[in-house]
Amino acid sequence: MGVTEGDDFDPALMDEVFESYERQKGALIPVLQKAQHIYGYLPPEVLQLIADQLGLSLSRVYGVATFYAQFYLERRGKHILKLCDGTACHVKGTPLLLTAVEDGFEIQPGETTKDGELTAEVVYCLGSCAMAPVAVLDEQVMGRMRPEMLVRQVKKHMASSRKETEA
Ligand code: FES
């Protein structure tokens with residue numbers, strides 16, 4: 001679902017989640033997962049709301065949210081491009097892919113385009129070194145990537161998903 005547009009934060013979207021986890025032990029992680037699914041990421045207001053509702057300290061909630069890589073405290077794009085910069089991929093050209101992304105979309109790793117469409121991230125070894133350099137666009141693994149090909153693929157993917165949403 002993902003309510004990532006604008007800065008309005010609607011706490012009511014979490015009502016059902018809190019109801020279904022009421023008085024359950026160990027609810028923090030599933031509640032954080034649901035919240036991220038709803039809001040797209042975990043802004044401070046959401047962490048505070050979760051702390052209040054579950055009767056936990058904000059530092060405990062914050063500690064768990066920052067410990068697990070699955071949680072995002074910053075807004076992320078609609079599409080996620082991961083570039084592997086493990087040794088094999090680095091040697092085979094990831095630095096050139098990073099430059100291509102920077103030139104093509106004006107973002108550095110960890111950043112999201114202004115229109116909220118694309119977030120670029122660097123990861124370290126995806127276990128597909130034979131296909132180096134490897135990029136993953138949303139769930140799609142793309143091996144032996146070349147800079148121009150990468151930019152083209154990303155643009156194509158974003159355009160076709162826009163078309164799907166408009167249809
Ligand atoms: S180093 Fe990139 S997949 Fe292993």
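Here are some notes on this predicted model, going from the overall layout down to single residues.

1. Overall layout. The protein chain has seven helices and four strands. Read from the N terminus, the order of elements is α-α-α-α-β-α-α-β-β-β-α. Along the principal axes, the C-alpha atoms fill a box of roughly 50 × 40 × 20 Å. Of the 167 residues in the protein chain, 21% are buried. Among contacts with a separation of 6 or more, 59% are between residues 24 or more positions apart.

2. Two domains. The domain assignment splits the protein chain into domain 1, residues 11–67, and domain 2, residues 79–166. Taken over C-alpha atoms, the centres of domain 1 and domain 2 are 31 Å apart.

3. Helix α2, length check. This helix covers residues 28–39, twelve residues in total. At 1.5 Å a residue the expected span of α2 is 16 Å, and its end C-alpha atoms do sit 16 Å apart, so the two agree.

4. Helix α2, buried side. Which residues of α2 are buried? They are V31, L32, A35 and Y39. Looking down the axis of α2, these buried residues fall within an arc of 100 degrees, so they line one face of the helix. The cover over the buried residues of α2 includes α1 (15–20), α3 (44–54) and α4 (58–67). Right after α2 comes G40, with a positive phi near 90 degrees.

5. The sheet. In what order do the four strands of the open sheet come? The order is β2-β1-β3-β4, with mixed pairing. β2 and β4 are the edge strands, each pairing on one side only. From one strand to the next, the twist averages 20 degrees.

6. The β1–β2 pair. Strand β1 (residues 79–84) runs parallel to β2, and six bridges join the two. If you want a spot to look at, C84 stands opposite V123 in β2.

7. Helices against the strands. Helix α6 (residues 94–105) lies across β1, β2 and β3 and runs at about 150 degrees to β1. α7 packs on the sheet as well, touching β1, β2, β3 and β4. The direction of α7 makes about 10 degrees with that of β3.

8. A cis peptide bond. Have a look at the step from A132 to P133: the peptide bond there is cis, with omega near -5 degrees. P133 is in the loop between β2 (118–123) and β3 (135–137).

9. Positive phi at D138. This residue is not a glycine, yet its phi is positive, near 50 degrees. D138 belongs to the loop between β3 and β4 (140–142). Is D138 buried or exposed? With 12 other C-beta atoms within 10 Å, D138 counts as exposed, because the cut-off for that class is 12 or fewer.

10. Positive phi at R144. Here is another residue other than glycine with a positive phi, near 45 degrees for R144. R144 lies in the loop between β4 and α7 (147–166). R144 has 13 other C-beta atoms within 10 Å and so is partly exposed.

Methods
Residues are numbered from 1 along each chain as its sequence is written. This is a predicted model: local features need pLDDT of at least 70, side-chain atom pairs count only at pLDDT 80 or more; totals for chains, interfaces and linings use all residues. The expected span of a helix is 1.5 Å times one less than its number of residues. A residue is buried if 20 or more other C-beta atoms lie within 10 Å of its own, exposed if 12 or fewer, and partly exposed in between; C-beta atoms are placed from the backbone. The arc is that of the directions from the helix axis to the C-beta atoms. Two residues are in contact if their C-beta atoms, placed from the backbone, lie within 7 Å. Domain bounds come from an automatic or database domain assignment. Two strands pair if DSSP finds at least two bridges between them. Axes are lines fitted to C-alpha atoms, for helices over the stretch in contact, and angles run from 0 to 180 degrees between N-to-C directions.
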